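Welcome! Please open the structure in your viewer and keep the selection tool at hand. We will go from stop to stop, picking residues and looking at what is there.

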Amino acid sequence: MKKITTNLDNFQYFYPYTVNIVGAQSGEQINYMACAWHSALSFDPPLFGVLISKKRLTHQIISQAREFTVNFIGFDQVKLSAQMGRISGHDKDKIKECQVELAPAKIIRSPILAQAYVCLENRLIDVRPYGDHDLFVGEVLAVHEDEGCFDLNGALDAAKIQPLLYLGSDLYITIAPESLKHVLPD
Amino acid sequence: MQKIEKIQTKDNAIQLLNTALEHEWAVSFEYIIHAYSTPKAKLFYYDPILKTTMDARAQTIQIGIDEMYHSLQLGIIIKQLGGTPSFKSDELFRFPKVIDNFYRDKKTEDLVTHLYQTAEFEDGVFPKIQNMILNISYDEVRHAEQFTAMICSMKNEGSEDTLCFPSYPDASNREDVQILHQIMRLENELLHRYLKYVIDFSEHQDLCQRLYKNSINHMRHWDKNAGILIKLGDVIQIENAEKDVNGVEKSTNPMPSFYPGEDRISALETLIPTENDLILLYEKLIPKISNKDITEQLNRHLALKREHLFTQEWLLKNAKKIKGLT
């Protein structure tokens, strides 16, 4: 029997979700944050969305820069995710504090994270408010991926990459490659 | 540019019109970038059509505006045919020498004239579209003659080595310049975004005209800000451009290719945060500028943005009050 509750404090805990580090550069100001609420939104045009609280410095910087990068990091970068998620850019320079290694993007001005196995360069095309978060929608202009991190079918090579997954409440996990199954509908 | 020579079906027509729209949309932007990079009141030429001496910079802006009107005509017809207007943009270039930009602009005009004039319409099929295409093509013929006259005049007067305004050598360290670039980018984005919605809602003339008015306001401010940038020692930037060893800038992504908001409510919703972001940028920039004339100009821009925001918020609220409005 399922437990039913109307206390919705943890309604969103249907995790795990992959974690990415999202951010941008506006003028001299650079800030990134860990983000678990995100999704691809469209194949054509290629669109990607991230949800960011209005309180976050990243919100302000992406709004000004009109662009952002989305950087997927591996399980070995778990500490970085925790730091980028909990430290506020309003208080500290997270890039220096967390020794984030930045690399130039191909098309946009905002840098990508050198530690990431996949990075998306996005031009901001829309911002929509949803409660206490805003949905930032980016048109994907370029994708950077570590050599060999995807197999010939375009699937993440689970033997090479351990994606970082967030379970909520500062808990992280990764995938078990031995659980991989290729399943067809019939 | 893809050639569509035989127009027999509605799909052929939409394909031709969309190829043309993508082109017109991109060049209207490219010409204006070229004009804003050209010294003002320095390069005059005798215009063979207007039969008078013109400032090449000013006339290039005028040609860019003609291309915007073409985009509107094409987009509206595509919608009427049941198609989806495409806003993908071509590559955009800026050369260090003014004359090389005019060469490119002339070549672009010839290319699109060929597209329009080689489209063969089956007899009696889409006569109004055929007429529109022919009419546009002769605007392009005029533009080509005007660019040719600009080039000839520069050569005859020995001004073929005239350079575009250079970019500020230390622009990234000047916060005022950086914010103004952000403002320019948003002004341009909003100008085009409003134009896209003018196409989307062309059947609703009063909404369409309101949106068009805002688009023109953003265009005017984009224009004024281009001049302010020059006063601050910089020049309009091309979004996502790379510069080669010869100083030629090229961008494959100079403008958004997708504008959100397919229906009235979602289109109006998406404009409000963007107008708000623009207001915040003006509010951030104005205290950083010491020149009184510039701050007065910027304050006028800011005031009009507030009017836009007020109007857009009420357009949205009013649209939400009415059941069945799409």
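Begin by selecting B:Lys40, B:Arg220, B:Lys224, B:Lys231 and B:Arg300, which together make up a positive patch on the surface. Keep in mind throughout the tour that this is a predicted model.

Which helix gives this patch its largest share? Select residues 205-231 of chain B: this is helix α6, and it supplies 3 residues of the positive patch, the largest share. Now pick out B:Arg300, which sits in another stretch to display, helix α8, spanning residues 292-321 of chain B.

**Over to chain A: a covered strand**

Next, select residues 133-145 of chain A, which form strand β10. Is this strand mostly covered or mostly open? Mostly covered: of its 13 residues, 10 are buried.

Now add the neighbours of β10(A). Select residues 47-53 of chain A to show strand β5, which runs antiparallel to β10(A) and is joined to it by 7 bridges. To see how these two strands line up, click on A:Leu47 and look across to β10(A), where A:Glu139 stands opposite.

Then select residues 118-130 of chain A, strand β9, which pairs with β10(A) over 12 bridges, again in the antiparallel sense. A good pair to highlight here is A:Val118 and A:Glu145, since they are bridge partners, with A:Glu145 on the β10(A) side.

Follow the chain from β9(A) into β10(A) and you pass through the turn of a hairpin, with 2 residues between the strands. Stop at A:Gly131 in this turn: its phi is positive, at about 60°.

**A nonpolar patch on chain A**

For the next stop, select A:Leu167, A:Leu171 and A:Ile173. They form a nonpolar surface patch whose accessible area adds up to about 230 Å². Zoom in on A:Leu171, found in strand β12, residues 171-173 of chain A. Why is A:Leu171 called partly exposed? Because its relative accessible area is 47%, and partly exposed is the class between under 20% and over 50%.

**Back to chain B: an open sheet**

Finally, return to chain B and display the open sheet of 3 strands, ordered β4-β7-β6 and paired antiparallel. Its edge strands are β4 (92-94) and β6 (242-243) of chain B, each of which pairs on one side only.

Now select residues 249-251 of chain B, strand β7, which is linked to β6(B) by 2 bridges in the antiparallel sense. For a last click, choose B:Lys243 and find B:Glu249 opposite, in β7(B).

Methods. Residues are numbered from 1 along each chain as its sequence is written. Chains are lettered from A and ligands numbered from 1 in the order in which they are written. This is a predicted model: local features need pLDDT of at least 70, side-chain atom pairs count only at pLDDT 80 or more; totals for chains, interfaces and linings use all residues. Side-chain values use heavy atoms; hydrogens and water are left out. Patches are made of residues with over 30% relative accessible area and no salt bridge: like charges are joined within 9 Å, nonpolar side chains (Val, Leu, Ile, Met, Phe, Trp, Tyr) within 5 Å. Accessible areas come from the Shrake-Rupley method with a 1.4 Å probe; for residues, only the protein chains shown count as cover. A salt bridge is a side-chain nitrogen of Lys or Arg within 4 Å of a carboxyl oxygen of Asp or Glu. Lys and Arg count as positive and Asp and Glu as negative; His and the chain ends are not counted. The place of a charge is taken as NZ of Lys, CZ of Arg, CG of Asp or CD of Glu. Helices (H or I, at least four residues) and strands (E, at least two) are DSSP runs, numbered from the N terminus. Buried means under 20% relative accessible area, exposed over 50%, partly exposed in between (1.4 Å probe, protein chains only). Two strands pair if DSSP finds at least two bridges between them.
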